[in-house]
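This report considers a pocket, the nonpolar cores and two unusual backbone angles of one protein chain. Please keep the sequence and the structure in view while reading.

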Amino acid sequence: MKSMVIGGIILIIALMAGTYFVAGDAFDSDDYINSLTMLGAVAIITITVFVALKYVNQIKNDTASGELANEKWDGIGEYKNPIPTGWGLAFVGTMVWLLWYWTVGYPTNGFSQIGQWNEEVNDYNAKFASKWENPSEDTLVSMGQSVFLVQCAPCHGVDAEGINGKAQNLTHRISKESVEYTIKNGSNNLQTAFPGGMPPMMLTEQADIDAVSSYVAGGFKGEQPAAFGVCAGCHGADGKGIAFVGPNIAEYDDTLVMAVLTNGKKGHIGTMPNFKGRLNPTQEKALATYIRSIGE
């Protein structure tokens with residue numbers, strides 16, 4: 001028995017030593033959390049070994065004695081002996097250690113994994129912003145393509161054509177169905193950039209709705225319908241939008257893309273969730289630049 005215990009001790013120590021030295025930089029001597037963890041592991045091993053040796057020896061050599069309790073179960077009695085002193089001390093010590101560790105040992109008021117993560121993210125974002133402070137158009141397109149393939153392609157497709165109507169076809173600014181839906185139902189999704197929103201039924205005649213929808217979806221080509229004058233008051237005569245009034249319906253400009261990422265979008269296809277906080281401003285601008293580069 002003793003040889004098995006000794007062998008187990010040697011194995012545990014070897015594993016700990018190997019972990020400590022192989023991990024290398026993972027264990028920073030200045031990081032007291034790691035040091036505290038290692039100290040706790042050593043303490044647990046020491047206590048385990050001591051208890052194992054002591055009580056294995058007692059089991060082999062001691063005999064039970066004392067006053068028997070009256071209660072019996074299947075003829076098995078129980079002595080009225082007090083618990084071993086070591087057990088009692090270990091229990092009390094564990095409770096004391098629990099309170100110490102809860103309040104002082106692991107300083108929830110001084111260290112936080114979430115706080116550390118936030119600090120690292122802020123540092124990374126600062127370095128990212130500094131590195132790409134003035135990116136070229138080609139850089140923005142390349143960066144935007146990477147962002148698009150990771151964040152947008154699952155719904156819009158790698159070709160940005162919307163996966164057969166599952167999502168908006170981003171190679172084209174807007175479809176006739178989208179324009180007609182917005183005219184009839186209004187839109188108040190982009191309130192951060194366009195707080196006024198758009199009320200429903202700005203046009204009431206179906207013939208006017210069809211004419212304006214075809215004109216806008218067709219890229220503002222051909223003769224402008226007279227009814228578009230109602231739209232021009234907010235979107236401009238060329239459809240390129242008016243700041244804080246109406247979005248650009250001629251192309252995907254930076255303001256529009258950033259507003260959709262921040263607020264999400266609801267249209268005739270369905271609802272797009274917002275991506276607020278998932279991209280930094282440089283990535284949002286890059287994404288808008290890339291989307292414009294693939295437009296028809």
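The bounds of the domains named below come from an automatic or database domain assignment. The model is predicted.

**The second largest pocket**

Domain 1 (1-62) and domain 2 (64-105) both give residues to the lining of the second largest pocket, so this pocket lies between them. The space in the second largest pocket amounts to about 530 Å³. Its lining consists of 21 residues, and those closest to its centre are Gly 40, Ala 43, Ile 44, Ile 47 and Trp 97. At least two lining residues come from each of α2 (32-61) and α3 (85-105). The helix α2 gives the most, with twelve residues. Sorted by class, the lining holds 15 nonpolar, five polar and one charged residues. In general terms, empty space of this kind is revealed by rolling a probe the size of a water molecule over the atoms.

**The nonpolar cores**

The largest nonpolar core has 21 residues, and the members that touch the most others are Phe 148, Leu 170, Leu 190, Tyr 252, Leu 261 and Leu 287. Two or more residues of this core are given by each of α5 (137-156), α9 (254-263) and α10 (281-293). Of these elements, α9 gives the most, with five residues. Another core lies apart from this one; it has 14 residues, including Ile 174, Ala 227, Ala 232 and Ile 249.

Which residues does Tyr 252 contact, leaving aside its neighbours within four places in sequence? Tyr 252 is in contact with Gln 168, Asn 169, Leu 170, His 172, Arg 173, Val 257, Ala 288, Ile 291 and Arg 292.

**Two positive phi angles**

Most residues other than glycine have a negative phi. The table lists two residues of this model that have a positive phi although neither is a glycine.

| Residue | Phi | Relative accessible area |
|---|---|---|
| Ile 163 | near 50° | 37% |
| Phe 220 | about 60° | 16% |

Ile 163 is found in the loop between α5 and α6 (176-185), whereas Phe 220 lies in the loop between α7 (206-217) and α8 (228-235). Are these residues buried or partly exposed? A residue counts as buried under 20% relative accessible area and as exposed over 50%, with partly exposed in between. Phe 220, at 16%, is therefore buried. Ile 163, at 37%, is therefore partly exposed.

How values were computed. Residues are numbered from 1 along each chain as its sequence is written. This is a predicted model: local features need pLDDT of at least 70, side-chain atom pairs count only at pLDDT 80 or more; totals for chains, interfaces and linings use all residues. Side-chain values use heavy atoms; hydrogens and water are left out. On a 1 Å grid over the protein atoms alone, a cavity is a set of points where a 1.4 Å probe fits but cannot get out, and a pocket is an open set with protein on both sides within 12 Å along at least five of seven lines; lining residues have an atom within 4 Å of a point. Grid points are joined across faces, edges and corners, and a volume is the space filled by probe spheres set on the points. Helices (H or I, at least four residues) and strands (E, at least two) are DSSP runs, numbered from the N terminus. Ala, Val, Leu, Ile, Met, Phe, Trp, Tyr, Cys and Pro count as nonpolar, Asp, Glu, Lys and Arg as charged, and the others, Gly among them, as polar. A nonpolar core is a set of buried Ala, Val, Leu, Ile, Met, Phe, Trp, Tyr and Cys residues joined through side-chain atoms within 4.5 Å. Buried means under 20% relative accessible area, exposed over 50%, partly exposed in between (1.4 Å probe, protein chains only). Contact means heavy atoms within 4.5 Å.
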